[in-house]
Amino acid sequence: RGHSGRRGRCHRRRRGSWREHRGGGGQLGERRALAQCQPEVAGIELQRVNAGGVANPTVDLEVSTDGGSNWIPVAGGVSLDRYGRGTFAWTAGPVAANALIRATGHAGAVTVTDVSNAPFQIANAGNAYYVNDGSLVGNEYTTAAGNNANDGKTAATPMASLAALLRAYDLDAGDVVYVDTGVYNLATNIVLTAQDAGVTIRGPVLPTHDAVLDRGNTNSDQRVFSFQGAPDVTLEWLNLTGAQNGIEAVGTTGNDNVTLQHLDVYNNSTYGIRISDGHSNWVIRENTIHNNLQYGVSIGGAERARVESNEVYGNNNRGIAVSANAEANRSLVTGNDVHDNGSVGIDISSYVTARGNRVYNHNGAGDIGIYSYNSTSLVTDNDAWDNTIGIQTGYQGWVVGNRSFDNGTGIVTY
């Protein structure tokens, strides 16, 4: 292309010369037109895939721990197939915050080199992981403010987000994530999947020290923790609030052998804890579950659940509601303090035993301390007082050896 004077335009002729056209229709000669044009030079690179590949290619691998200033050999002469594909198992190291990989391929006399597009971290191989907010007040585990640019693998390099740490690492049995004292405003649900199987997530344990995980969104499908196929997980010493459901395991199977203990679950818009059928051997013990807008604990059809030694109060509908699906999968509700819920303290149906609970202060119109309504349900050795109805059962449920006193009505059957 070219550039003409002010009054004309340059056009390329088919044979490569230039012509200038004036408004009046006259023409200048080819030489003057060329003199007034400024040609540009462009380059074009053409590449062609070698469909047959190359014979016996190899690659050398190096790692840099200082952003590319120095390189350490990892492996040399790694065999590739004729199309340059191959694998190499590397025990990553040394520990680095600014690592790069360099690969140098060889195919006969041809050598090509490439480096990682961006730095990455190489963390230590320990089982401890750390999360902290932006403060050191009340800290038990960490010595620095959290930052998601950290590796989360030492007390001095905590990450700022539990969800980000779970996405960064494949956690296993024996791994412990320490979430230090602070308030964590969650941008998304914390999703636990099969790659988190066996992990323990632990908050601070001393009095007045809380790790508050606040979802800040009570709309549909918003959770603090969403279990999606994560077995053998333990959650402990955490505060869970501000979601539709604090903890939920529905739909996806494989969420088995889960332990929830020493949690404070409150101010969620539907359920504190919700577990559906298809999940087995959940233990929910020594938690405080309160002021959720529907149920404190709802377990519908899960197998061999155990709800034990919790304080459950101030939930607008049921405190605890549990059903199971077969005698071999009987669930147990035992040793709980359940009081001041909006409608029913403990609600059990098929294949559930309620034993040794203390249920009181459900004294609104029609409120019930303990309610069972299936011939396979068993209510035994409980104390129920100061309820409108202490214990109510139907459909031939079993009520044996309880103490129901100072209620509007002690025991009702139908």
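This short talk covers one sheet in a predicted model and a strand inside that sheet.

First, the ground rules. Residues are numbered from 1 along each chain as its sequence is written, and side-chain values use heavy atoms, with hydrogens and water left out. As this is a predicted model, local features need pLDDT of at least 70 and side-chain atom pairs count only at pLDDT 80 or more, while totals for chains, interfaces and linings use all residues.

Now the sheet. It is open and formed by 10 strands, in the order S11-S14-S17-S20-S23-S26-S29-S32-S35-S38, with parallel pairing. A strand here is a DSSP run of E, at least two residues, numbered from the N terminus, and two strands pair if DSSP finds at least two bridges between them. Its edge strands are S11 (190-192) and S38 (409-413), each pairing on one side only. On average, neighbouring strands of the sheet are turned by 5° against each other, direction ignored; the axes are lines fitted to C-alpha atoms.

At the S11 edge, 3 bridges join S11 to S14 (residues 223-227), and the two run parallel. There, Val191 stands opposite Ser226 in S14.

Next, S32, residues 368-372. What are its partners? S29 (residues 344-348) pairs with S32 in the parallel sense over 4 bridges, and Val344 has Ile368 in S32 as its bridge partner. S35 (residues 389-393) also pairs with S32 in the parallel sense, over 4 bridges; Ile391 in S35 is the bridge partner of Ile370.

Why is S32 described as largely enclosed by the rest of the structure? Because 5 of its 5 residues are buried, meaning under 20% relative accessible area with a 1.4 Å probe, protein chains only.

Methods:
Buried < 20%, exposed > 50% of the residue type's maximum accessible area, 1.4 Å probe, protein only. Axes fitted to C-alpha atoms, helices over the stretch in contact; angles between N-to-C directions.
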